[in-house]
Amino acid sequence: MDTQTFAFFGGIYNNYLALATAIDDAHSRGAEKLFCLGDVGAFGPYPDRVFPLLIENDVQTVQGNYDHSIGNGLNDCQCGYTDPRDNHFAQISYDYTQANTTPTNCEWLQQLPTEIRFEVAGLRFLLCHGSPRKTNEFLWESTTSTHFLNRLADEFQADVILGTHTGLHWSRELSGGRHFINVGVLGRPANDGQTNVWYALVDVSVLQEKPQVNLKFIPVKYDWKRLVAEMQSEELPVEFQETIRSGWWTTCLEVLPAKERSRGHW
């Protein structure tokens with residue numbers, strides 16, 4: 001039984017240390033192709049250190065809302081927050097990333113596709129950032145119905161939809177053997193009190209002439225202490241540093257639905 005393996009990274013958020021570790025880990029697990037579902041910048045230090053890792057390792061990348069904003073020189077990240085405190089910290093992060101991304105890398109972000117499609121064993125894959133219909137749409141596990149996800153799969157003619165944007169990994173099986181997968185993010189922990197971050201590994205095989213999808217969420221342990229030290233040296237907010245250090249979100253909390261927020265510390 002032949003199996004093809006793919007790795008999917010979400011929200012890098014300038015965390016080049018976690019990205020480098022995830023790339024090596026995915027290769028060690030036999031991933032044939034690597035994908036990033038957008039939001040290369042934000043939150044962490046040294047934006048330009050991410051781009052060589054993506055380009056040299058042929059990581060095919062979707063344009064997230066952050067990438068669109070940086071690439072086109074907009075005034076904010078189009079993150080979709082409504083809370084003033086969330087927007088305050090998002091603006092600090094955005095201004096830092098914009099000031100520290102070279103024009104060449106801005107052009108690279110500008111030309112990224114808003115979706116990537118491919119087919120494996122007859123399964124139609126659709127890679128997006130937030131949702132197939134809107135780049136910065138939040139699809140939360142607790143508030144997104146299976147009926148709605150089935151409708152998206154119907155409307156956008158996909159058997160496996162993969163996205164990110166929320167910062168929390170989850171998945172759901174849909175009708176007809178279809179799937180929705182939020183691949184999580186590499187940029188910061190999953191608000192679970194752990195310092196590791198996450199990516200998604202998908203195996204596609206054919207059993208009795210029927211394609212099978214096997215999903216694993218992979219924890220990534222990286223040098224988070226170095227990341228915190230670099231965030232300090234770049235004078236990024238202590239709130240950001242505390243999230244990396246503790247594994248608990250300290251910002252962007254108001255956007256969380258009640259169920260997801262109840263799992264966190266704050």
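In this predicted model, the N-terminal end of helix α4 is capped by D83, which places a side-chain oxygen 3.0 Å from the backbone nitrogen of R85. The helix that follows this cap covers residues 84–99, 16 residues in total. From its first C-alpha to its last, α4 reaches 22 Å, close to the 22 Å expected at 1.5 Å a residue.

It is helpful to look next at how α4 meets its surroundings. D86, F89, A90, S93, Y94, Y96 and T97 are the buried residues of this helix. Viewed down the axis of α4, these buried residues fall within an arc of 165°, so they line one face of the helix. P84 and A99, on the other side of α4, are exposed. The cover over the buried residues of α4 includes α3 (65–71) and α8 (238–246).

One residue of α4, S93, gives a closer view of this packing. Its relative accessibility is 6%, below the 20% limit for burial, so S93 counts as buried. The side chain of S93 reaches the backbone nitrogen of F43 at 2.5 Å. Apart from neighbours within four places in sequence, S93 is in contact with A42, F43, Y66 and F240.

A second residue worth visiting is T21, found in helix α1 (residues 16–28). With 27% relative accessibility, T21 lies between the 20% and 50% limits, and therefore counts as partly exposed. Once its neighbours within four places in sequence are left aside, T21 is in contact with V220, K221 and Y222. T21 and Y222 are 201 residues apart along the chain, yet their C-alpha atoms are separated by 6.3 Å.

The strands come next. Strands of a sheet pair through backbone hydrogen bonds, either parallel or antiparallel. Here, an open sheet is built from five strands in the order β4-β5-β6-β8-β7, with mixed pairing. The edges are taken by β4 (116–120) and β7 (170–173), each of which has a single partner strand, so one side of each is left without a neighbour in the sheet. From one strand to the next, the twist averages 15°. The partner of β4 is reached through five bridges to strand β5 (residues 123–127), and these two strands run antiparallel. Within this pairing, F118 has F125 of β5 as its bridge partner. Helix α6 (residues 146–155) lies across β6 (160–163), β7 and β8 (179–182), and runs at about 80° to β7.

Another set of pairings involves strand β9 (residues 197–207). Nine of the 11 residues of β9 are buried, so this strand is largely enclosed by the rest of the structure. Strand β1 (residues 3–9) is joined to β9 by six bridges, and the two run antiparallel. β9 is also joined to strand β10 (residues 210–220), again antiparallel, through 11 bridges. S205 of β9 shows both pairings: S205 is the bridge partner of T3, and S205 also stands opposite Q212 in β10. Finally, β9 and β10 form a hairpin with two residues between them. In the turn of this hairpin, Q208 has a positive phi of about 55°.

Definitions and conventions:
Residues numbered from 1 in each chain as written. Predicted model: local features only at pLDDT ≥ 70, side-chain atom pairs only at ≥ 80, totals over all residues. Heavy atoms only, no water. Helix = DSSP H or I, 4+ residues; strand = E, 2+ residues; numbered from the N terminus. Expected span 1.5 Å × (residues − 1). Buried < 20%, exposed > 50% of the residue type's maximum accessible area, 1.4 Å probe, protein only. Arc of directions from axis to C-beta. Contact = heavy atoms within 4.5 Å. Polar contact = N/O pair within 3.5 Å; in protein donor to acceptor, adjacent residues only side chain to side chain. Pairing = 2+ DSSP bridges. Axes fitted to C-alpha atoms, helices over the stretch in contact; angles between N-to-C directions.
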